[in-house]
Amino acid sequence: TFLSTSADGLSNDDMVGPGSFNLYQNYPNPFNPETTISFTVPSLSEISLEIYDLNGRVVDVITQGLYSEGTYSMVWDGMSINGEVVSSGVYIYKLITPDRSISKHLTIIR
């Protein structure tokens, strides 16, 4: 299947539409040593962007706080919340808002 991408490298499958929270696929993926995670906030909202292992444990909290309308990009360096290097594998990243959460998978290769 052919996926067109916009100038920012996001595929049409990543786009949800105006007026909604969007979480985009990280890039590069797989990655080493860091990856960029982008998301869109439709209006002033409290959000949290978190990384989980496949057992559901929080690995890192990339950001949390009040965000105004816009698209943001955050870099994750593959480190845990305790400052330790995480091992190779698949992780889940989740955008949590007051009304919903959106998650995607990422892969780190050491």
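**Exercise 1. Determine how strand 3 and strand 4 are joined, and by how many bridges.**

Step 1. Strand 3 and strand 4 run antiparallel and are joined by eight bridges. Strands here are DSSP runs (E, at least two residues), numbered from the N terminus, as helices are (H or I, at least four). Two strands pair if DSSP finds at least two bridges between them.

Step 2. The model is predicted: local features need pLDDT of at least 70, side-chain atom pairs count only at pLDDT 80 or more, and totals for chains, interfaces and linings use all residues. Residues are numbered from 1 along each chain as its sequence is written, and side-chain values use heavy atoms, with hydrogens and water left out.

Step 3. Individual bridges fix the register: Leu-49 has Thr-63 of strand 4 as its bridge partner, and Ser-48 has Gln-64 of strand 4.

Step 4. Five residues lie between the strands of this hairpin, and Gly-56 takes a positive phi near 85° there.

**Exercise 2. Place strand 3 and strand 4 in their sheet, and state which strands stand at the edges.**

Step 1. The sheet is open and consists of four strands in the order 4-3-6-7, with antiparallel pairing.

Step 2. Strand 4 (58-67) and strand 7 (101-108) are the edge strands; each has a single partner strand, so one side of each is left without a neighbour in the sheet.

Step 3. On average, neighbouring strands of this sheet are turned by 15° against each other, direction ignored. Such angles compare axes, which are lines fitted to C-alpha atoms (for helices over the stretch in contact), and run from 0 to 180 degrees between N-to-C directions.

Step 4. Strand 3 and strand 6 form an antiparallel pair over five bridges, with Leu-49 opposite Leu-95 of strand 6. Strand 6 (residues 89-96) and strand 7 are also antiparallel, over eight bridges; here Tyr-91 stands opposite Leu-106 of strand 7.

**Exercise 3. Establish whether Ile-51 is buried or exposed, and which residues it touches.**

Step 1. Ile-51 belongs to strand 3. Of the eight residues of strand 3 (residues 45-52), seven are buried. Buried means under 20% relative accessible area, exposed over 50%, and partly exposed in between (1.4 Å probe, protein chains only).

Step 2. Ile-51 is buried because its relative accessible area is 0%.

Step 3. Leaving aside residues up to four places away in sequence, Ile-51 touches, among others, Ile-37, Val-58, Ile-62, Trp-76, Tyr-91 and Leu-106. A contact means heavy atoms within 4.5 Å.

Step 4. Ile-51 and Ile-81 are 30 residues apart in sequence, and their C-alpha atoms are 9.4 Å apart in space.

**Exercise 4. Describe the sheet that contains strand 1, and locate Asn-26 relative to its strands.**

Step 1. Three strands form this open sheet, in the order 1-2-5 with antiparallel pairing. Its edge strands are strand 1 and strand 5 (70-76), each pairing on one side only.

Step 2. Strand 1 and strand 2 are antiparallel and share two bridges; Asn-22 has Thr-40 of strand 2 as its bridge partner.

Step 3. Asn-26 lies in the loop between strand 1 (22-23) and strand 2 (35-41). With a relative accessible area of 3%, Asn-26 is buried.

Step 4. Beyond four places in sequence, the residues touched by Asn-26 include Phe-31, Thr-35, Tyr-93 and His-105.

**Exercise 5. Classify the pair formed by the rings of Tyr-67 and Tyr-72, and identify a ring cluster.**

Step 1. Rings of Phe, Tyr and Trp (its six-membered ring) pair if their centres lie within 6.5 Å; planes under 30 degrees apart count as stacked, over 60 as edge-to-face and the rest as tilted. By this rule there are five aromatic pairs.

Step 2. The ring centres of Tyr-67 and Tyr-72 are 4.7 Å apart and the planes stand at 80°, so the pair is edge-to-face. Tyr-67 counts as buried, at 12% relative accessibility.

Step 3. Phe-31, Trp-76 and Tyr-91 are linked into a cluster by ring pairs.

**Exercise 6. Summarise the protein: how many helices and strands does it have, and what share of its residues is buried?**

Step 1. The protein has zero helices and seven strands.

Step 2. Buried residues account for 39% of the 110 residues.

Step 3. Among contacts between residues at least 6 apart in sequence, 49% join residues at least 24 apart.
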